[in-house]
Amino acid sequence: MAKSSDFGAFMEKFTLHPISSSDQLPLSGLTFAIKDIFDVNGYVTGFGNPDWARTHQAATSTAPAVLAVLGGGATCVGKTVLEEMAYSLRGENKHYGTPRNPCAPDRVPGGSSSGSAVAVAAKLVDFSLGTDTGGSVRAPASYCGILGFRPSHDVVSTAGVTPLAQSFDTVGWFARDPLILSRVGHVLLHLPMVDPIKPIQVIIPEDCFSLSSIPNNRTTEVLIKSVKKLFGDHIVKHVNLGDYVKDKVPSLQKFTNVGDGDPLYKIASLAALSSAWRLLLRYEFKNNHAEWVTRVNPDLGPGIFEEVWEAVRTTGENIDACHSVKIELRAALSALIGDSCVLALPTIPDAPPKLQTDPTTREVFEARAFSFLSIASVSGFCQVSIPLGMHNNLPVSISLLARHGSDSFLLNVVETLYDTLQQESEIAEKMIN
C-alpha cells in the first residue's frame with residue numbers, strides 16, 4: 001500500500017541512477033517516476049492489479065522510454081499507482097488505494113496514469129512518465145492542474161510497456177514547468193532543442209467549447225487574449241469542428257446512431273468518433289489480454305470489472321470501419337490543421353468528478369469527455385493539456401493539438417505561450433471572484 005505522505009502516488013520506491021553523471025545533459029539533476037506499466041529490469045510490472053503481478057515474472061530488460069530519460073541525465077525514484085489494467089479515466093484503485101489529488105482532494109486524480117500525475121502535482125518529482133491510449137495522460141493532467149503531453153502516435157517507443165490497444169497506445173509525460181516538459185519531450189523524441197516557431201494559426205472550435213461546462217472567459221478567452229498579445233489577432237480562426245468531421249469522415253456513419261440526438265452528447269459526429277475509438281480499443285484489448293482474463297479471472301474493482309469483461313466479449317464487427325475512420329480523420333484534420341498550426345480543445349468538458357461518483361453520473365461524464373479525447377487518440381495527433389488556474393476551487397485546463405509529427409513544434413508553442421496564459425488566467429480568475 002502506498003504511504004499517505006506520498007499522496008498515495010507510489011507503488012514502489014527505488015532509485016535508478018542516470019546512465020551518465022555528466023551535468024551537461026538536458027535532464028541532469030531532475031527526478032522522475034514511472035507508471036507501473038513500464039518494464040524495469042528486475043522488477044515485476046504490476047499493471048495496477050495484484051493478480052497480474054502474481055502471475056507475471058520480473059522484467060528482464062528496461063523499457064526504451066525509461067532508458068532514454070535515464071540517458072538524458074534524470075534519476076528515477078520509483079513506480080506509481082495506476083488504474084487496474086490501465087482501463088479507466090478515474091484513477092481509482094481498490095487494491096492499492098487512490099492517489100490523492102493535491103489540487104482537489106475530494107475529486108478523482110484522473111486515470112489511468114493517476115500516480116504519475118499526482119507525483120508531479122504534489123512536487124514529489126520533477127516529471128513523470130505515463131501512458132495515454134484514450135486520455136490517460138491528458139485527463140489526469142487536467143484534473144491535477146499540471147502539464148500533460150500525449151505525443152504523436154508511434155513516435156515514442158512503446159516497447160517494454162504493457163499494451164492496452166496498440167492502435168492508440170502512446171508514452172506520455174507530466175511536468176509542472178513547460179521547459180522541463182519540453183526537455184523531456186525532446187529526449188524521448190530523440191530531437192535536438194530548437195528555437196521556438198511562432199504558430200501561424202490558432203483554430204478555435206466554437207461548438208466544442210460551447211459544450212463545456214467551464215465558462216469561456218476561463219478558457220478560450222484566456223487563450224485568445226494570450227495569442228493576440230504574443231502573435232496578433234490575425235492568426236485566430238473560428239470553426240465548427242463537429243460539422244467538419246461529419247462532412248470529411250464518411251465512415252463515421254456506421255457509428256452515428258450511438259448518442260445521436262442525445263442532449264448529453266450534443267456533437268453527434270464526435271460522439272460517433274468516440275464510439276469507433278471505444279470499439280477498436282475493446283477489440284485490441286481482447287486480443288492482448290482475453291486469454292489471461294479468462295484463465296485467471298482476476299479480482300477487479302467496480303466499473304473496471306464490467307469494462308474488462310465487456311471488452312473480452314467484443315466481436316470483430318465493424319472493426320474495418322474503425323480503421324477507415326482512423327485514416328479519414330487523420331487526412332481531414334491534416335487538411336484543417338496545417339504546418340505550424342494548432343487546434344484548441346477543452347481537455348475535459350467538465351470539472352473533475354468527485355471520488356466514488358455513482359455509475360450513472362460517471363457514464364455521462366465519461367461519454368462527454370471521450371468525445372473530445374478521442375480526436376487525438378484516433379487521428380494520432382499530438383496534444384498537450386495546459387493548466388489555467390482554478391474555477392470554483394477546481395482546476396481548469398485547455399488543450400492544444402498539432403498534426404502528427406509536429407511534437408517539437410507543439411512543445412515550443414507551450415513554452416512560448418505558457419507564462420502569458422498564466423497571467424491572463426489569473427486576471428480572469430480575479431474578475432470572476
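# Cavities, a pocket and the sheet

Strand S11 contributes three residues to the lining of the largest cavity, the most of any element. The structure described here is a predicted model.

## Enclosed spaces

How many cavities of 30 Å³ or more are there? The count comes to two. In the largest cavity, the volume is about 90 Å³. Its lining consists of 14 residues, and those closest to the centre are Ser142, Ile214, Ile348, Asp350 and Ser397. Two or more residues of this lining come from each of helix H4 (138-144) and strand S11 (394-402). By class, the lining of the largest cavity holds nine nonpolar, four polar and one charged residues.

The second largest cavity has a volume of about 30 Å³. Around the second largest cavity stand Leu89, Arg90, Val108, Tyr143, Pro353, Arg362, Phe365 and Glu366. Helix H12 (residues 359-379) supplies the largest share of this lining, namely three residues. Five residues of the lining of the second largest cavity are nonpolar and three are charged, while no polar residue takes part.

## The second largest pocket

The second largest pocket holds about 280 Å³ of space. Its lining is made up of 19 residues, and Glu92, Asn93, Thr98, Pro302 and Gln356 lie nearest the centre of the pocket.

The table sets out the linings by class.

| Space | Nonpolar residues | Polar residues | Charged residues |
|---|---|---|---|
| Largest cavity | nine | four | one |
| Second largest cavity | five | no | three |
| Second largest pocket | five | six | eight |

## The sheet

Strand S11 also belongs to an open sheet of 11 strands with mixed pairing, in the order S1-S3-S2-S4-S6-S5-S10-S11-S9-S7-S8. Which strands stand at the edges of this sheet? They are strand S1 (10-16) and strand S8 (236-239); each has a single partner strand, so one side of each is left without a neighbour in the sheet. On average, and with direction ignored, neighbouring strands of the sheet are turned by 25° against each other.

Pairing in a sheet takes place through backbone hydrogen bonds, with strands either parallel or antiparallel. Strand S1 and strand S3 (residues 75-80) run antiparallel and are joined by four bridges. Glu12 has Lys79 of S3 as its bridge partner.

Helix H3 (residues 114-121) lies across several strands of the sheet: S1, strand S2 (31-35), S3, strand S4 (127-131) and strand S6 (171-175). Relative to S4, helix H3 runs at about 165°.

Conventions
Residues numbered from 1 in each chain as written. Predicted model: local features only at pLDDT ≥ 70, side-chain atom pairs only at ≥ 80, totals over all residues. Heavy atoms only, no water. 1 Å grid on protein atoms, 1.4 Å probe; cavity = no way out; pocket = protein on both sides within 12 Å on 5 of 7 lines; lining within 4 Å. Points joined across faces, edges and corners; volume = space filled by probe spheres on them. Nonpolar A, V, L, I, M, F, W, Y, C, P; charged D, E, K, R; others polar. Pairing = 2+ DSSP bridges. Axes fitted to C-alpha atoms, helices over the stretch in contact; angles between N-to-C directions. Contact = heavy atoms within 4.5 Å.
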